[in-house]
Amino acid sequence: MDSRQTKDWQQRYAIRAGIGATPFQNVRTRGPRRSRYRGLARTHVQHALTALACNLTRVADWIAPPTASRRRSSRSTRFHSLRTATA
């Protein structure tokens with residue numbers, strides 16, 4: 001049996017995957033790969049403010065009422081609407 005199929009491993013990996021999402025979101029959306037400042041103290045402030053912005057965005061998304069998501073129509077649906085419009 002593979003060690004990745006045990007319940008213990010899956011529980012530990014779920015925690016790790018949840019923790020890894022935050023740095024990924026920061027890198028993807030706010031681009032802190034390069035610091036705007038020289039020096040460790042200023043770079044630390046930049047990273048702290050980036051984390052604060054990420055948390056504020058998450059809280060705002062959590063508080064906001066859910067919006068109706070628009071579903072993309074499939075090709076067959078578009079073809080069907082076109083066919084009925086021309087008939």
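This passage walks through the predicted model, from its overall make-up to a few residues of interest.

Start with the broad layout. The protein has three helices and zero strands, so in the order from the N terminus the elements simply read α-α-α. Burial is scarce here: of the 87 residues in the protein, buried ones make up 8%. The exposed area comes to about 8500 Å², and 57% of that is supplied by carbon and sulfur atoms.

How confident is the predictor, and where? For the protein, the mean pLDDT is 76, with 77% of the residues at 70 or more. Broken down by element, the highest mean pLDDT, 86, belongs to helix α2. At the other end sits helix α3 (residues 75–86), with the lowest mean, 69. Where pLDDT is low, the predicted coordinates should not be read in detail. The residues picked out below come mostly from helices α1 and α2.

Helix α1 spans residues 7–30, and two side-chain pairings turn up in it. One is aromatic, and the structure holds just one such pair. The ring centres of Trp 9 and Tyr 13 are 5.0 Å apart and the ring planes meet at 10°, so this pair counts as stacked, the cut-off for that label being under 30 degrees. In sequence, Trp 9 and Tyr 13 are four residues apart, or about one turn of the helix. Neither ring's residue is fully tucked away: Trp 9 is partly exposed because its relative accessibility is 27%, and Tyr 13 is partly exposed too, at 39%.

The other pairing is a salt bridge, again one for the structure. Side chains of opposite charge can pair when their charged atoms come close. Here the partners are Arg 12 and Asp 8, with 3.5 Å from N to O. Both of them lie in helix α1, and once more the spacing is four residues, about one turn of the helix. As for how open the two partners are, Arg 12 has a relative accessibility of 51% and therefore counts as exposed, the threshold being over 50%. Asp 8 has 46%, so it counts as partly exposed.

Moving on to helix α2, which covers residues 40–63, the picture includes both buried and more open positions. Gln 46 is found in this helix, and with a relative accessibility of 13% it is buried, because anything under 20% counts as such. What does Gln 46 touch, once its neighbours within four places in sequence are set aside? The contacts are Arg 34, Ser 35, Arg 36 and Tyr 37.

Cys 54, also in helix α2, has a relative accessibility of 0%, so it is buried as well. Asn 55 has its place in α2 too, but at 42% relative accessibility this residue counts as partly exposed. Both residues can be set against Thr 22. From Cys 54 to Thr 22 there are 32 residues in sequence, yet the C-alpha to C-alpha distance is 8.3 Å. For Asn 55 and Thr 22, the separation is 33 residues in sequence and 9.3 Å in space, again C-alpha to C-alpha.

Last comes the surface. Val 45, Leu 49, Leu 52 and Leu 56 form a nonpolar patch there, and together these residues have about 380 Å² of accessible area. One of them, Leu 52, is found in helix α2. With 45% relative accessibility, Leu 52 counts as partly exposed.

Definitions and conventions
Residues numbered from 1 in each chain as written. Predicted model: local features only at pLDDT ≥ 70, side-chain atom pairs only at ≥ 80, totals over all residues. Heavy atoms only, no water. Buried < 20%, exposed > 50% of the residue type's maximum accessible area, 1.4 Å probe, protein only. Contact = heavy atoms within 4.5 Å. Phe/Tyr/Trp six-rings, centres within 6.5 Å; stacked < 30°, edge-to-face > 60°. Patch = residues over 30% accessible without salt bridge, like charges linked within 9 Å, V, L, I, M, F, W, Y side chains within 5 Å. Areas by Shrake-Rupley, 256 points an atom, 1.4 Å probe, with all protein chains shown as cover. Salt bridge = Lys/Arg side-chain N within 4 Å of Asp/Glu carboxyl O. pLDDT = per-residue confidence, 0-100.
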